Amino acid sequence: MPNTSVIDCDIHPPTPTMAMLLPYMDTYWRDMVSSRGTDGLGLNSYPPGAPISARTDRRDALTLDRLRTQALEPWGTRLAILNPLYGAQALANADLASVLARAVNDWIATEWLNADSRLRASIVVSTQDIALAVEEIERRAADTRFVQVLLLVSDDMPLGRRRYWPIFETAQRLGLAVGIHAGSNYHNPTTSSGWPSFIVEEYVSQSAAFQSALLSLVAEGVFSKFPELRVVLIEAGFTWLPSFLWRANKTWRGLRTEVPWVDRPPAEIIRQHIRFTLQPADAPPDPQHLARVVEQMGSDKLILFSTDYPHWQFDGDAALPDGIGSALARQITTVNPLDTYPRLKETVQ
């Protein structure tokens, strides 16, 4: 690791039980979820027993002390962004989903952010009711330790659609990034041709979901409407990006009259507005090949350091894959995160 202030842009706290969230609900909703016996709202994207979900030495109950010793101290992390993965987005009841998202945000602030000054967080929202999502963003944005709005890559429709624009407008206005994380609300099949049979199918096909979401954001004109918006693709991988950029540019040249608001090549828009967390890196075996992929991406500003703790995306403590030189390492670990998340600059000068 470079001798600098490392910023980890993707760490996962444990999924809270309903008992943990009850103190953050009013009487009506406490009675409602208790009478229903509602619990177990972890996302199916990361089954607890699956090897990709956590290393064997990280499968015990995740506590703050474990997070410190296993995720912060090994890399000298100065700041870390917590991305809670919670199944409120999957519920059909928009009001209950909103209440649970609010409770998760308050639980994170009280139990985690208050306990360690190095921690920051994303705002969990449910997209069943966009007005309620905006209300929650505005409420929680008053706490500057929240630096990002968290969405799932597979929602009810492509994320560039105007249905989601109030979320983007609010994020831009309040100086928040929008994080799009791997995962689904499971309202629709998780592949373009239907439901898969195995975890490996769903996991690998996440890259295709991110490509669809990315192209939707560009083609629908999100960045023309919100020119200051930054979007972070979390656990998307990035080695697929060069060929995606080439194909997007080529096709746009032939069909640009269809999307006049896309007034420059998609690759230019993506390099300005989109960032990618480092893990999973999907790095090729030869370090020179990874260096070449990064060069083909066309910018050293696109990648943000992440460990994806406690998920199992790399061996040992090799969070930075071979092929990333010292200059790029500093860019990834400090410069790019500070550029992406303006609120972090209040802590790291």
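Start by selecting residues 146-154 and residues 177-184 in this predicted model; these are strands β4 and β5, which run parallel and are joined by six bridges. If you then pick out Leu150, you can look across to its bridge partner in β5, which is Gly179.

Now widen the selection to the whole sheet, which is open, has eight strands and shows parallel pairing in the order β1-β2-β3-β4-β5-β6-β7-β8. At its edges you will find β1 (6-11) and β8 (303-304), each of which pairs on one side only. Next, add residues 64-72, which form helix α3; this helix packs on the sheet and touches β1, β2 (77-82) and β3 (119-124), while its direction makes about 120° with that of β2. Another helix to add is α11 (residues 266-273), which also packs on the sheet, touching β6 (231-234) and β7 (274-277), and whose direction makes about 60° with that of β7.

Stay with β6 and show its side chains, where Val231 and Leu233 lie on one side, Val232 and Ile234 lie on the other, and all of them are buried, so that both faces of the strand are covered. Which strands does β6 pair with? With β5 it pairs in the parallel sense over four bridges, and there Val178 stands opposite Val231. With β7 the pairing is again in the parallel sense, over three bridges, and the bridge partner of Val232 in β7 is Arg275.

The next stop is the aromatic rings, of which the structure holds six pairs. Select Trp107 and Trp112, whose ring centres are 6.2 Å apart; because their planes stand at 70°, and an angle over 60 degrees counts as edge-to-face, this pair is edge-to-face. Are these two residues buried or exposed? Trp107 counts as buried at 5% relative accessibility, and Trp112 likewise counts as buried at 5%, because buried means under 20%.

Finally, select Trp165 and Phe226, an aromatic pair that is edge-to-face, with 5.7 Å from centre to centre and 85° between the planes. This pair links distant parts of the chain, since Trp165 belongs to helix α6 (residues 165-174) and Phe226 to the loop between α9 (222-225) and β6, 61 residues apart. Trp165 counts as buried at 14% relative accessibility, and Phe226 is buried too, with a relative accessible area of 5%. Add Phe168 to the selection to end the tour, and you will have one aromatic cluster formed by Trp165, Phe168 and Phe226.

Methods: Residues are numbered from 1 along each chain as its sequence is written. This is a predicted model: local features need pLDDT of at least 70, side-chain atom pairs count only at pLDDT 80 or more; totals for chains, interfaces and linings use all residues. Side-chain values use heavy atoms; hydrogens and water are left out. Two strands pair if DSSP finds at least two bridges between them. Helices (H or I, at least four residues) and strands (E, at least two) are DSSP runs, numbered from the N terminus. Contact means heavy atoms within 4.5 Å. Axes are lines fitted to C-alpha atoms, for helices over the stretch in contact, and angles run from 0 to 180 degrees between N-to-C directions. Rings of Phe, Tyr and Trp (its six-membered ring) pair if their centres lie within 6.5 Å; planes under 30 degrees apart count as stacked, over 60 as edge-to-face and the rest as tilted. Buried means under 20% relative accessible area, exposed over 50%, partly exposed in between (1.4 Å probe, protein chains only).
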